[in-house]
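The following note concerns the interior and the aromatic contacts of the model shown below. The points are numbered for ease of reference.

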Amino acid sequence: MKSIQTKLTVIILIIFFIALSTMGGLNFFKAREIVTDNLAREMGNEASNAADDVGVWLEGRITQLTMLAATPTMARGTLAEIVPFMEAARQSDKAYESMVFVEASGVSHDSQGPVANVAAREYFKQALSGKASVSDPVI
C-alpha cells in the first residue's frame, strides 16, 4: 500500500511542479511585456514633453529676437551701431553664444567683422520675406 501512496504522491508532486513552473513562466513573460509597454509609453511621454519644452523655449527666443529687431538701432542704425548693440544684447543674455547681423546682400557680421555670405541659405530667404525661421545649427 505504501508504494502506491508514494507513487501517487510523486506523480501529484510532478504535476504540481509542472503546473507551477508553467504558471511562473507565463507570469514572467506577461510581466516583461507589461513593463516593456509601460517603459515605451513613458519614454514617448518624456520625448513629447521635451519636444514641447524645446518648442516653448524656441518661441520665447523668436519673440525676444523679434523685439530686438524692432528696436530703433536695429531698424535704422548703421552697421557701426548695430554690431556693438547686438554684442551688448548677446552679453546680457547667456543663452546666445553669438549674434550675427546680416545685410540685405547676405553678408553677415559679428563683433569681429564680416563672417560669411548666407544669401543662398533658406533661413535668410525666409527672413527677407519677413518670416521668422529656425534652422539647423550653423558651424
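How many aromatic pairs does the count come to by the rule applied here?

1. The model is predicted: local features need pLDDT of at least 70, side-chain atom pairs count only at pLDDT 80 or more, and totals for chains, interfaces and linings use all residues. Residues are numbered from 1 along each chain as its sequence is written, and side-chain values use heavy atoms, with hydrogens and water left out.

2. The count comes to one aromatic pair (rings of Phe, Tyr and Trp, the last by its six-membered ring, with centres within 6.5 Å; planes under 30 degrees apart are stacked, over 60 edge-to-face, the rest tilted). The ring centres of Phe28 and Phe29 lie 5.2 Å apart with planes at 70 degrees, so this pair is edge-to-face.

3. The largest nonpolar core (buried Ala, Val, Leu, Ile, Met, Phe, Trp, Tyr and Cys residues joined through side-chain atoms within 4.5 Å; buried means under 20% relative accessible area, exposed over 50%, partly exposed in between, with a 1.4 Å probe and protein chains only) has eight residues: Leu68, Met74, Ile82, Met86, Ala89, Tyr96, Met99 and Phe101. Helix H3 (79-92) supplies the largest share of this core, three residues (helices are DSSP runs of H or I, at least four residues, numbered from the N terminus).

4. Leu68 touches Met74, Phe85, Ala89 and Met99, leaving aside residues up to four places away in sequence (contact: heavy atoms within 4.5 Å).

5. By contrast with the buried core residues, Phe29 is partly exposed, at a relative accessible area of 47%.

Methods:
Helix = DSSP H or I, 4+ residues; strand = E, 2+ residues; numbered from the N terminus.
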